[in-house]
Structure formats: structure tokens, C-alpha cells
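Student: I should like to learn how to read the features of a structural model. May we work through one together?

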Amino acid sequence: MSGTEMIIYCDGRYVGKEDATTSIFDHGFLYGDGVFEGIRAYSRCVFRLKEHIDRVFESANTIMLDIGITREEMTEIVLETSRRNNLDDAYIRLVVSRGVGDLGLDPLKCPKPSIFCIVGSIVLYPEETYTQGLKVQTASTRRNIPAALNPRVKSLNYLNNIMAKIEATRAGVMEAIMLTQEGYVCECTGDNIFLIKNGRLLTPPAYIGILQGVTRDAVIELAQKDGIAVQETLFTLHDVYTADECFLTGTAAELIPVIEADGRRISEGAPGPVFKRLLQKFRDLAKTDGETY
Ligand code: PXG
């Protein structure tokens, strides 16, 4: 930490925490109408910033939210907020809401979107879970179907995931596996899921209704470069229970091994050899693959 006050980009101005406020008539607040990104910086390098900027514009496009600035301007907001906070490593939250409107759903009544950028830190799971593995539990709450609100949109409405997270917490574990309507493994509440089986890396395809994680895509690339066969394929809980290794990926979580799913111990234990290899490669990549500030 720099020891100085947190600076937040708040709709055109750089302000302190107390002044970073929005109206209760903002449809981001009233309806969860907006999109966001969670981004990570390592050693003053914003990891895969282009991919995050592209995703926030794609999410906005699908919900017909015109952000009103260019991708270059958005990139500069993230970099400038990072510079002003003067942290070497950071977790960055970019939020674009529909903006201030009236007490009705109609987004046309919101003339201007609100844009916020927060640069802080995040600790998702305790240190020991990275060396001993995380326990997960399957949630009864199914992942939203793509034909309703497509999970590929990183929207401000996270209740589907929060409902599953509550189930996990009540079951005494920290993360939940979410299934599709048909019962295929989808992803977790804030992380994508990977299996290792007979030397192959398996992960569900984006079309079944997952957030296509930036970390996920980086891990797929790293595995392919390393000569590991990658299959984006449907699989079930049986495949999870009988996998050689299982791990989760996310901007906040990075790569985290899973030791147990629904009380079944994953066979190799955690962390497994392929996980360790990919984690090392990810750490090397994270320091260089992005935009510096
Ligand atoms: N799936 C979902 C549903 C997510 O929300 C990921 C996968 C991983 O994507 P990235 O691009 O980060 O590799 C996410 C992102 C939290 C939290 O507190 C998690 C996310 C975002 C914001 C908060 O757990 N995860």
C-alpha cells in the first residue's frame, strides 16, 4: 500500500472515497442495469487490459448500453486511476451503469451512463487454500440460461451467483459449482472450472452459459503452448469427482486447486502436477502481458 488516500474515478472526476457517490435513481442501483469488470495489476502492469476493455464493451453492447466514450478513453481511465493510486499490485473494478433515470424500467429515460473505476485490493480465499486446495459444493441454484440473461454478459445483476454463493457458505465451503439447466457443469460463482483427465485439460465451452474468463482464456493458451491437449467440452459432476485434478480460475482467485467436490476427494489431491506447472506459467505471464502505468 502507498499509505495515501484511495482515489476513485467517478464519472469524469478523480475523487476521494467519501466523494465517490452516485444517485439512488441510478439504474445500476435500482435494477442492476449495467456492466462491470474485475481487473488485476501485477508490478504496475494491468493484466490483459485490452481483453477486459473489449469484454466490457461487448457486455454493454448486448444490453444495448452505449458507453459514450471510446475503448482508448476507457483504457486511459483505468491506467490513470491506477497511476493516481500508486499501487504496484492492485485489483481494479470498472463499473458502467445505465445512469440516472426515473422510477421506471425504461433505459431510454437514462440519458447518460455512469462510469466508475476503483483501484484497491482483493483477497478472495485464505492463503492455505492455495496450497491445500479448496472444497466446493454443487449449488441447487442453476446458472442463468443463455436465452434469459446470457452469463457471458458481466452484468451488475449477480444475484444468480450470489444465491449459489449463499448455498456454498451454508454448506461450510467457500465456492459453489453451478450447473446448466440440463445438469452439465457450468462454472463457479466467480470462477471458471477446469479438469485434468488422462493428461487432457477440460473446461466447459462458452456457449453453455458461462462468463468467458480472461484468466480462463490465458490458461487455455498457456496449456496449448505447453503441449497439453485442451478440450472445451461438456462434462458432468461424475467427471469432476473422477478427475485427476480440478482447479478454478478468476481474476481475483487467479488459479486455485480444488481438493474436494461434494465430499468426493479429487483423485490426485491438490495441488496436482499440471496445476503447479500452469500456475508457474501464469505467474510469469501476469508480470508482462498487459499495459504498464
Ligand atoms: N465466472 C464468473 C461468473 C465470474 O464472475 C469469472 C468466471 C472469472 O473471469 P475472469 O475474467 O476474472 O478470469 C468471474 C469473474 C468475487 C468476484 O468476489 C468474482 C468475479 C468478479 C467480481 C467479483 O468472487 N469473477
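Tutor: We may begin with a side-chain pair: the side chains of Tyr-91 and Arg-93 make a polar contact at 2.9 Å. Please keep in mind that the model is predicted.

Student: Where is Tyr-91 placed, and is the residue buried or exposed?

Tutor: Burial is read from relative accessible area, and a residue under 20% counts as buried. Tyr-91 belongs to strand S5 and is buried, because its relative accessible area is 11%.

Student: Which residues does Tyr-91 touch, beyond those up to four places away in sequence?

Tutor: Contact is read from heavy atoms within 4.5 Å. For Tyr-91 the list comprises Gly-38, Ile-39, Arg-40, Ile-118, Val-119, Gly-120, Ser-121, Ile-122, Thr-251 and Ala-252. A separation in sequence should be read beside the separation in space: Tyr-91 and Asp-244 are 153 residues apart along the chain, and their C-alpha atoms are 31 Å apart.

Student: Let us turn to the ligand. Which of the 21 residues around the ligand come nearest?

Tutor: A residue belongs to such a shell if one of its heavy atoms lies within 4 Å. Here Tyr-158, Glu-187, Val-214, Thr-215 and Thr-251 come nearest. Thr-251 also appears among the contacts of Tyr-91.

Student: Which polar atoms of Thr-215, Gly-190 and Lys-154 lie by the ligand, and at what distances?

Tutor: For a polar contact, one looks for a pair of N or O atoms within 3.5 Å. Thr-215 places a polar side-chain atom 2.6 Å from an oxygen atom of the ligand. Gly-190 contributes a backbone N or O atom, 3.0 Å from a ligand nitrogen atom. In Lys-154, a polar side-chain atom lies 3.4 Å from an oxygen atom of the ligand.

Student: How much of the ligand's area does the protein bury?

Tutor: The ligand taken alone exposes 550 Å², and 89% of that area is buried by the protein. The space that the ligand takes is the largest pocket. Strand S5 (90–97), helix H6 (214–225) and strand S13 (245–250) are the elements that each give two or more residues to the shell around the ligand.

Student: Where is Ile-115 found, and why does this residue count as buried?

Tutor: Ile-115 is in strand S6, which spans residues 114–120. It counts as buried because its relative accessibility is 5%. Leaving aside neighbours within four places in sequence, Ile-115 is in contact with Tyr-9, Cys-10, Asp-11, Ile-67, Ile-69, Met-74, Val-95 and Val-96. By C-alpha atoms, Ile-115 and Lys-281 are 34 Å apart, with their positions 166 residues apart along the chain.

Student: Which backbone atom lies by the side chain of Asn-85?

Tutor: A polar side-chain atom may also pair with the main chain. The backbone oxygen of Ile-7 lies 2.8 Å from a polar atom of the Asn-85 side chain. Asn-85 is in helix H3 (residues 71–85), and it is buried at 4% relative accessibility.

Student: Which residues have a positive phi although they are not glycine?

Tutor: Here one reads the sign of phi together with the residue type. Asn-86 has a positive phi of about 55°, and Arg-44 has a phi near 60°. Asn-86 lies in the loop between H3 and S5, whereas Arg-44 lies in the loop between strand S3 (34–42) and strand S4 (45–47). Asn-86 is partly exposed at 41% relative accessibility, and Arg-44 is partly exposed at 23%.

Student: Which residues does a cis peptide bond join?

Tutor: The angle to read is omega. The cis bond joins Ala-270 and Pro-271, with omega about -10°. Pro-271 lies in the loop between S15 and H8. Gly-272 is found in the loop between strand S15 (264–265) and helix H8 (273–286), and is buried with a relative accessible area of 4%. The C-alpha atoms of Gly-272 and Glu-245 are 6.0 Å apart, although 27 residues separate them in sequence.

Student: Finally, is Asn-61 buried or exposed?

Tutor: Asn-61, in helix H2 (residues 49–62), counts as exposed because its relative accessibility is 58%. Its C-alpha atom is 9.3 Å from that of Val-153, 92 residues apart along the chain.

Methods:
Residues numbered from 1 in each chain as written. Predicted model: local features only at pLDDT ≥ 70, side-chain atom pairs only at ≥ 80, totals over all residues. Heavy atoms only, no water. Helix = DSSP H or I, 4+ residues; strand = E, 2+ residues; numbered from the N terminus. Buried < 20%, exposed > 50% of the residue type's maximum accessible area, 1.4 Å probe, protein only. Polar contact = N/O pair within 3.5 Å; in protein donor to acceptor, adjacent residues only side chain to side chain. Areas by Shrake-Rupley, 256 points an atom, 1.4 Å probe, with all protein chains shown as cover. 1 Å grid on protein atoms, 1.4 Å probe; cavity = no way out; pocket = protein on both sides within 12 Å on 5 of 7 lines; lining within 4 Å. Sits in = over half its atoms within 2 Å of the grid points.
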